[in-house]
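Here is a quick tour for anyone who likes to see how a fold is packed. Have a look at the sequence and the model first, then read on.

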Amino acid sequence: MNRFYPYYSSRLDDKKNDMLSWVLLATLAGYLLFVLGTVVFQDLIFRKYSKNAPMFLEYFYLLYPFMFCYSFFAIIENYSWSRHETVMPNFLKELVVRVATNLLVVLYIFKVLSFVQFLWLFNLIWGGILLVLLVYLRRNHLLHLNFRVSFVTKKLFRPMSAYSMSLLLATSFTLLANNIAPLIISSTNGLKNVAYLSIAMYMATLIQVPQRSISAIALPVLAEAWVGKEMDKILEIYRKSSLLQLIAAMYIFLGIWLSIDPFFRLLPPEYTVGKYVFFYLGVSKIIDLGTGVNSQLLSTSRLWRFDLISSMVLVTLSIPLNYLLIRNYGLLGSGYAALLSMFVFNTIRCVFIWKKFGLQPFTFQTLKALVVAIAAYWAIAWLPHMAQPVIDIILRSVFFSVIFILGTLAWRVSDDINSTAATFFKKLGRKK
């Protein structure tokens, strides 16, 4: 959808645009294949998890409503991006889901909800945001379904089929590589160890929040720029995305790392095993974000097949690395595996883009961003910890944020950030 939507929108009226209709049908077919696959391989799944993760099997049926709501939300989200509507889907996915999930956790802790009710309501969150997004698009006259095959679909059917199959495999490989660690740990060490890993993974996932927003904005613009062969525009997006994502990733990662010890003091002692797992996962996320929108750049270019090839390299590295390193180093091995595989994966992509298109994401501003981040970290790292963990976390976060933000603005690390800040303060002055 992201790659081919510009061809549809430039040749068809909204009401005659049939792309979304066929994408939704393809997604429904994929969902039915998923259901069929779990039925066919049910015995294998139950054998693998019956000993160490029986609770997973007990609530296995909940995968079906979750996968339905999640997959269709992903499609409508991408459609929104193609229509340059990024605020609402990102708000729903990044804020509403997290707030609602935390609320459910609190209600479960205070025994307002049973565990089964918690799981069902978690599923309903995704169904709810899917419905909200559909209503939003409909009210803004952006949602149209047309099941008549257009001349654009007839013309582009073969290239779209080849591209979609490649993208499906690339995405599957990337998802498998990113989620193989909990699968290996749950089948070998049990769900308790997955809980320790999940805390580290959840915190590391926070680092990726800016990447999703920037990717949502960049995808349709890159697709249109490739159609128009606007290489200067593509380079600008590549470098700006790299810089902005690096600044955001360093800010989130170092902000969390400064407060990692008081945070784990709030949890049972056994969870501290996830401390350095988060460190290595976090560094791997910084590498991923710091190399910019290389995945989106490749997937919308004429050399989109390399997206599949590099994803195959990632999964080929990730599976044996996780298996071997988890066996030798336990949970910490999953962090080592993530860092090594992500470094190789992004290095291959960056070198390929540089060789084939003459584009690379780094500038002198990249070095300035790293210097500001490290200086802000060391300015706070020497402070002694306080007895009260919550107050400790708040004070460290506030002091670090002030130094980091002021340093970024004063040294003009990013013109985009400075101009946004100037606009904000100008509006603030007018209100006063």
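Which residues of α17 are buried? Keep in mind while looking that this is a predicted model.

## Helix α17 and its two sides

The buried set in α17 consists of Thr366, Lys368, Ala369, Val372, Ala373, Ala376, Tyr377 and Ile380. Because they cover an arc of only 165° around the axis, they end up on the same side of α17. Turn to the other side and you meet Phe364 and Trp378, which are exposed. As for what covers the buried residues, α11 (231-258) and α18 (389-410) are included.

The helix itself runs through residues 364-381, 18 residues in total. From first C-alpha to last it reaches 26 Å, close to the 26 Å expected at 1.5 Å a residue. Where it starts, a side-chain oxygen of Thr363 comes to within 3.2 Å of the backbone nitrogen of Gln365.

## The nonpolar cores

Now for the inside. The largest nonpolar core is made of 40 residues, and Leu254, Ile260, Phe278 and Phe400 have the most contacts inside it. Helices that each put in at least two residues are α8 (151-188), α9 (191-207), α11, α12 (260-265), α13 (275-290), α16 (331-357), α17 and α18. The largest share comes from α11, with 10 residues.

Phe278 is a nice one to click on. Leaving out residues up to four places away in sequence, Phe278 touches Ala200, Met203, Ala204, Ile207, Phe253, Ile256, Trp257 and Ile260. Apart from this core lies another, of 37 residues, with Tyr8, Met19, Leu142 and Met160 among them.

## Aromatic pairs

How many aromatic pairs does a search of the whole structure find? It turns up 40. Take Tyr59 and Phe115: their ring centres are 5.3 Å apart and their planes sit at 75°, so this pair is edge-to-face. It links distant parts of the chain, as the two are 56 residues apart, with Tyr59 in the loop between α4 (54-58) and α5 (63-82) and Phe115 in helix α7 (residues 115-139). Tyr59 is buried, at a relative accessible area of 16%, whereas Phe115 counts as partly exposed at 28%.

Phe253 and Trp257 make another pair, with centres 6.5 Å apart and planes at 10°, so this one is stacked. They are 4 residues apart in helix α11, which means about one helical turn separates them. Both Phe253 and Trp257 are buried. And if you want a bigger group, Tyr31, Phe34, Phe46, Phe56, Phe60, Tyr64, Phe68 and Phe72 form one aromatic cluster.

## Two lysines with positive phi

Most residues other than glycine have a negative phi. Lys111 goes the other way, with phi near 60°. You'll find Lys111 in the loop between α6 (87-109) and α7. Is Lys111 buried or exposed? With a relative accessible area of 73%, Lys111 is exposed.

Lys229 also has a positive value, with phi near 55°. Its place is in the loop between α10 (209-227) and α11. Lys229 counts as exposed too, at 70% relative accessibility.

How values were computed: Residues are numbered from 1 along each chain as its sequence is written. This is a predicted model: local features need pLDDT of at least 70, side-chain atom pairs count only at pLDDT 80 or more; totals for chains, interfaces and linings use all residues. Side-chain values use heavy atoms; hydrogens and water are left out. The expected span of a helix is 1.5 Å times one less than its number of residues. Buried means under 20% relative accessible area, exposed over 50%, partly exposed in between (1.4 Å probe, protein chains only). The arc is that of the directions from the helix axis to the C-beta atoms. Contact means heavy atoms within 4.5 Å. A polar contact is a pair of N or O atoms within 3.5 Å; within protein, one must be able to donate a hydrogen and the other to accept it, and residues adjacent in sequence count only if both atoms are side-chain atoms. A nonpolar core is a set of buried Ala, Val, Leu, Ile, Met, Phe, Trp, Tyr and Cys residues joined through side-chain atoms within 4.5 Å. Rings of Phe, Tyr and Trp (its six-membered ring) pair if their centres lie within 6.5 Å; planes under 30 degrees apart count as stacked, over 60 as edge-to-face and the rest as tilted.
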